[in-house]
Amino acid sequence: MYSLVKIYQGNLKNQNNEAFRFTVKDYKKVCGAFCTGGTYLSLAFDNERDVMLRSFEQREMMDVPPNKRPVFFKRNIEMDIIKGVITKKGTFKPKDVFSVYLIMQK
Amino acid sequence: MAEKVKPKFIIQCIDLLITSDQVHELRDELDKDYSHIVGIAISDIYCSKLSVLEVVKVKGLELLPEGFEAAHVMSSLAVEPNKRFFSWFKPMPVSGDEMVIRFRDPEYIKNYNLQVQVLLTNNPEETINVLFG
């Protein structure tokens with residue numbers, strides 16, 4: 001069974017991208033990630049030693065079933081520091097909010 | 001007389017008229033004959049992609065993280081109806097509990113009827129295998 005964990009939420013304000021970090025607790029595996037559509041996502045595990053995604057383009061995929069939209073990978077984690085960068089693609093309104101989620105297993 | 005066979009899962013629809021760009025609250029008691037929530041979907045062509053599910057809770061417990069973008073649970077008509085559910089969360093045990101959803105559409109233009117569909121089952125593992133297949 002899976003759990004959904006939000007690891008970033010922000011509105012990027014006046015900049016085009018934002019870096020974030022998140023420390024994983026209570027989970028043993030990460031199975032996938034997804035974020036707000038219309039962005040690029042980079043994710044690195046093990047304190048940047050293991051880059052999992054490099055400018056992965058997350059599109060708005062309304063024609064794809066919601067369960068198939070995340071990018072899937074399997075990785076064991078334990079007290080890992082996850083670092084990432086989310087970059088907006090194109091123009092957004094100031095009130096737009098951007099989020100990054102991980103799909104985790106205990 | 002043959003005993004009535006209960007379906008393995010059920011889709012419960014929770015509706016509310018959206019009348020502004022402010023937070024709207026949907027509340028409904030979940031079908032007490034089913035033990036787990038395993039999926040959630042919004043199928044509404046008027047609901048903007050910037051809409052937010054501020055809160056999705058049952059028994060005070062979060063089903064989805066706060067401020068979850070509704071776009072993640074929305075699909076176009078090109079998606080098969082049984083594939084429109086979002087299920088990347090831990091199936092939540094329920095027993096006729098009340099579900100509370102706080103919804104906000106910042107790009108609201110005109111009134112529309114929002115329908116949130118909740119997938120309930122007594123056999124989460126089997127139903128999830130179907131959803132992910």
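1. A quick word on terms: two strands pair if DSSP finds at least two bridges between them. Helices (H or I, at least four residues) and strands (E, at least two) are DSSP runs, numbered from the N terminus. With that in hand, B:His36 has B:Pro93 in strand 7 of chain B as its bridge partner.

2. Before you read on, this is a predicted model, where local features need pLDDT of at least 70, side-chain atom pairs count only at pLDDT 80 or more, and totals for chains, interfaces and linings use all residues. Residues are numbered from 1 along each chain as its sequence is written, chains are lettered from A and ligands numbered from 1 in the order in which they are written, and side-chain values use heavy atoms, with hydrogens and water left out.

3. Back to that sheet in chain B. Strand 3 (residues 36-42) and strand 7 run antiparallel and are joined by 2 bridges. They belong to an open sheet of 4 strands with antiparallel pairing, in the order 1-9-3-7. Strand 1 (9-18) and strand 7 (92-93) sit at the edges with a single partner strand each, so one side of each has no neighbour in the sheet.

4. Chain B as a whole has 1 helix and 9 strands, and the helix comes after the strands when you read from the N terminus. Its radius of gyration (over C-alpha atoms) is 15 Å, which agrees with the value near 14 Å for a compact globule of 133 residues; that rule is 2.2 Å times the number of residues to the power 0.38. The C-alpha trace spans about 50 × 35 × 30 Å along its principal axes.

5. How much of chain B counts as buried? The figure is 50% of its 133 residues, where buried means under 20% relative accessible area (1.4 Å probe, protein chains only). For contacts (heavy atoms within 4.5 Å), 80% of those in chain B with a separation of 6 or more are between residues 24 or more positions apart.

6. Over in chain A, strand 3 (residues 29-35) is mostly covered, with 6 of its 7 residues buried. Strand 3 pairs antiparallel with strand 6 over 4 bridges, A:Val30 being matched with A:Arg75. With strand 8 (residues 98-105) strand 3 shares 6 bridges, also antiparallel, and A:Cys35 stands opposite A:Val100.

7. One residue to click on is A:Pro66, in the loop between strand 5 (50-58) and strand 6 (71-76) of chain A. A:Pro66 is buried because its relative accessible area is 2%. Beyond its neighbours within four places in sequence, A:Pro66 contacts residues of chain B, including B:His72, B:Met74, B:Phe86 and B:Trp88.
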